[in-house]
Amino acid sequence: MRFTADVHQEEDWYVARCVELDVASQGESPHAALANLREAVELYLEAVPERAANGSRSSGPPDV
């Protein structure tokens with residue numbers, strides 16, 4: 001699955017948000033924020049599988 005990520009800086013942290021799922025995470029760099037967002041989206045989709053695109057599950061990690 002492919003999702004859109006929005007990354008912005010808030011003081012000393014970078015915040016990454018998955019636009020389609022409204023899931024967010026943060027990190028000390030843009031790369032760290034995106035890596036944390038991938039994990040957050042993965043956990044979100046495991047907890048709420050019916051929200052996955054077209055109701056299907058992917059065998060791999062989400063591509064954000």
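Analyst: Let's start with a definition: strands are DSSP runs of E with at least two residues, helices are runs of H or I with at least four, and both are numbered from the N terminus. Please keep in mind that this is a predicted model.

User: Where does Glu-11 lie?

Analyst: Strand S1 covers 5-10 and strand S2 covers 13-18. Glu-11 is found in the loop between S1 and S2.

User: What is the phi of Glu-11, and is this residue buried or exposed?

Analyst: Most residues other than glycine have a negative phi. Glu-11 is not a glycine, yet its phi is positive, at about 55 degrees. Exposed means over 50% relative accessible area. Because Glu-11 has a relative accessible area of 73%, it counts as exposed.

User: Which residues gather with Glu-11 in a patch of negative charge?

Analyst: The patch is on the surface. One of its members is Asp-12, which lies in the loop between S1 and S2 and counts as exposed because its relative accessibility is 66%. The residues that join Glu-11 in the patch are Glu-10, Asp-12 and Glu-28.

User: What pattern does the protein chain follow along the sequence?

Analyst: The chain has one helix and three strands. Helix H1 spans 30-47, while strand S3 spans 23-27. Read along the sequence, the pattern is β-β-β-α.

User: Which element supplies the largest share of the largest nonpolar core?

Analyst: In soluble globular proteins, nonpolar side chains tend to be buried together. Here the largest nonpolar core has 13 residues, and Phe-3, Cys-18, Leu-21, Val-23, Leu-37 and Val-41 touch the most other members. S2 and H1 each supply at least two residues of this core. The largest share, six residues, comes from H1.

User: How many of the residues in the protein chain are buried, as a percentage?

Analyst: To be buried, a residue needs a relative accessible area under 20%. The protein chain has 64 residues, and the buried part of them is 28%.

User: Which residue meets Arg-17 in a salt bridge?

Analyst: Side chains of opposite charge can pair when their charged atoms come close. A search of the whole structure finds one salt bridge, with a distance of 3.6 Å from N to O. Arg-17 is partly exposed because its relative accessible area is 31%. Its partner in the salt bridge is Asp-22.

User: Where does Asp-22 lie, and what is its phi?

Analyst: Asp-22 sits in the loop between S2 and S3. With a relative accessible area of 59%, Asp-22 is therefore exposed. Although it is not a glycine, its phi is positive, at about 55 degrees.

Note on methods: Residues numbered from 1 in each chain as written. Predicted model: local features only at pLDDT ≥ 70, side-chain atom pairs only at ≥ 80, totals over all residues. Heavy atoms only, no water. Patch = residues over 30% accessible without salt bridge, like charges linked within 9 Å, V, L, I, M, F, W, Y side chains within 5 Å. Areas by Shrake-Rupley, 256 points an atom, 1.4 Å probe, with all protein chains shown as cover. Salt bridge = Lys/Arg side-chain N within 4 Å of Asp/Glu carboxyl O. Lys, Arg positive; Asp, Glu negative; His and termini not counted. Charge placed at Lys NZ, Arg CZ, Asp CG, Glu CD. Buried < 20%, exposed > 50% of the residue type's maximum accessible area, 1.4 Å probe, protein only. Core = buried A, V, L, I, M, F, W, Y, C linked by side-chain atoms within 4.5 Å.
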